[in-house]
Amino acid sequence: MKKIIFTFAFLFVLIGSAQENYYTNYSFVVEPENEATVFKLVDDYYSENKPEGVFVRLFENHFKDGNNKATHMLVFLGTQEDMGNMYGGGDDKFALFLTRLNQHVKEGSGASMGRHLALYGDTDSNVRYPAQRIYLLDVKDTEAFDAEYNKFHSKHNPPGVLVNMGNTIVGQGTGKFNRWVIIGFKDMKAAMGGPNKLLSGAALTARQKAWDDFRANDGGVEVVGSSMRMLLGAW
């Protein structure tokens, strides 16, 4: 696989309704001396050429397993229709952008595509959650897990936390996981403490009890990986 990572000249099939949100992400390595240049290239291009209906995010992989060599991740999110339109074809501007970007990145951990299954919290696109914990889960009974996940987070997700859950369709690699959870926080202090530190009193007691119930009925979950990424830019 050569450097970055993707081209708009391939076809793909996504399964589901047009209103479901899908994502693609591309991981790569940026040497410290090239970080500012890479950010500027991405910012300059997507500030002027943002795909219609698609959210674009650039992250730094801050805390991660030693096997994960990628330092950065470029993520796209949108409906099946909007993502399909984005991948429908490139132009000279995009080709030039890729050429310039490839001069400053190295191969990373590849690319993947998947679907968002549940989202809880303030979803206003102007609200940022720059510190994001990522958990990779091996779930024995995904139907039971999805139901209990929705039951718990629909009632016990603290203000200031965005919790996203989904799966990977292709590009997973050799890791054994069938669900991922991303917990977004508004700053590093909140991310270090976790959701429980944002509650107190009766709300905290209720959340802890509900968490015990969730774990008792979650379909059998093993955490097989975790990391933390920081948001660098959003378009």
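Colleague: What is the bridge partner of leucine 136 in E8?
Modeller: In this predicted model, leucine 136 has glycine 225 of E8 as its bridge partner.

Colleague: And how many bridges are there between E5 and E8, and in which sense do they pair?
Modeller: E5 and E8 are paired over nine bridges, and the sense of that pairing is antiparallel.

Colleague: What about E2 and E8, how many bridges there?
Modeller: Strand E2, which covers residues 55–63, pairs with E8 over six bridges, again in the antiparallel sense, and within E8 it is methionine 228 that stands opposite phenylalanine 63.

Colleague: In what order do the strands close into a barrel?
Modeller: The barrel is closed by eight strands in the order E1-E3-E2-E8-E5-E7-E6-E4, with antiparallel pairing, and from one strand to the next the twist averages 35 degrees.

Colleague: Which residues do E4 and E6 cover, and how many bridges join them?
Modeller: Strand E4 spans residues 106–120 and strand E6 spans residues 161–170, and the two run antiparallel with seven bridges joining them; asparagine 167 in E6 has arginine 115 standing opposite.

Colleague: Which strands does H4 lie across?
Modeller: Helix H4, residues 142–156, lies across E4, E5, E6, E7 and E8, and its direction makes an angle of about 65 degrees with E4.

Colleague: Switching to pockets, what is the volume of the second largest one?
Modeller: The second largest pocket has a volume of about 500 Å³, and its lining is made up of 21 residues, with Tyr135, His153, Ile183, Trp211 and Phe214 lying nearest the centre.

Colleague: Which element gives the most to that lining?
Modeller: Helix H6 gives the most, with five residues, while E5, H4, E7, H6 and E8 each supply at least two.

Colleague: How many of the lining residues are nonpolar, polar or charged?
Modeller: Counted by class, the lining of the second largest pocket holds twelve nonpolar residues, five polar ones and four charged ones.

Colleague: Last thing, what does the pLDDT average over the chain?
Modeller: The chain averages a pLDDT of 88, and 89% of the residues score at least 70, but over residues 5–18 the pLDDT is below 50, although this stretch has 35 contacts in the model beyond near neighbours in sequence.

Colleague: How should coordinates be treated where pLDDT is low?
Modeller: Where pLDDT is low, the predicted coordinates should not be read in detail.

Conventions. Residues are numbered from 1 along each chain as its sequence is written. This is a predicted model: local features need pLDDT of at least 70, side-chain atom pairs count only at pLDDT 80 or more; totals for chains, interfaces and linings use all residues. Side-chain values use heavy atoms; hydrogens and water are left out. pLDDT is the predictor's confidence in each residue, from 0 to 100. Contact means heavy atoms within 4.5 Å. Two strands pair if DSSP finds at least two bridges between them. Helices (H or I, at least four residues) and strands (E, at least two) are DSSP runs, numbered from the N terminus. Axes are lines fitted to C-alpha atoms, for helices over the stretch in contact, and angles run from 0 to 180 degrees between N-to-C directions. On a 1 Å grid over the protein atoms alone, a cavity is a set of points where a 1.4 Å probe fits but cannot get out, and a pocket is an open set with protein on both sides within 12 Å along at least five of seven lines; lining residues have an atom within 4 Å of a point. Grid points are joined across faces, edges and corners, and a volume is the space filled by probe spheres set on the points. Ala, Val, Leu, Ile, Met, Phe, Trp, Tyr, Cys and Pro count as nonpolar, Asp, Glu, Lys and Arg as charged, and the others, Gly among them, as polar.
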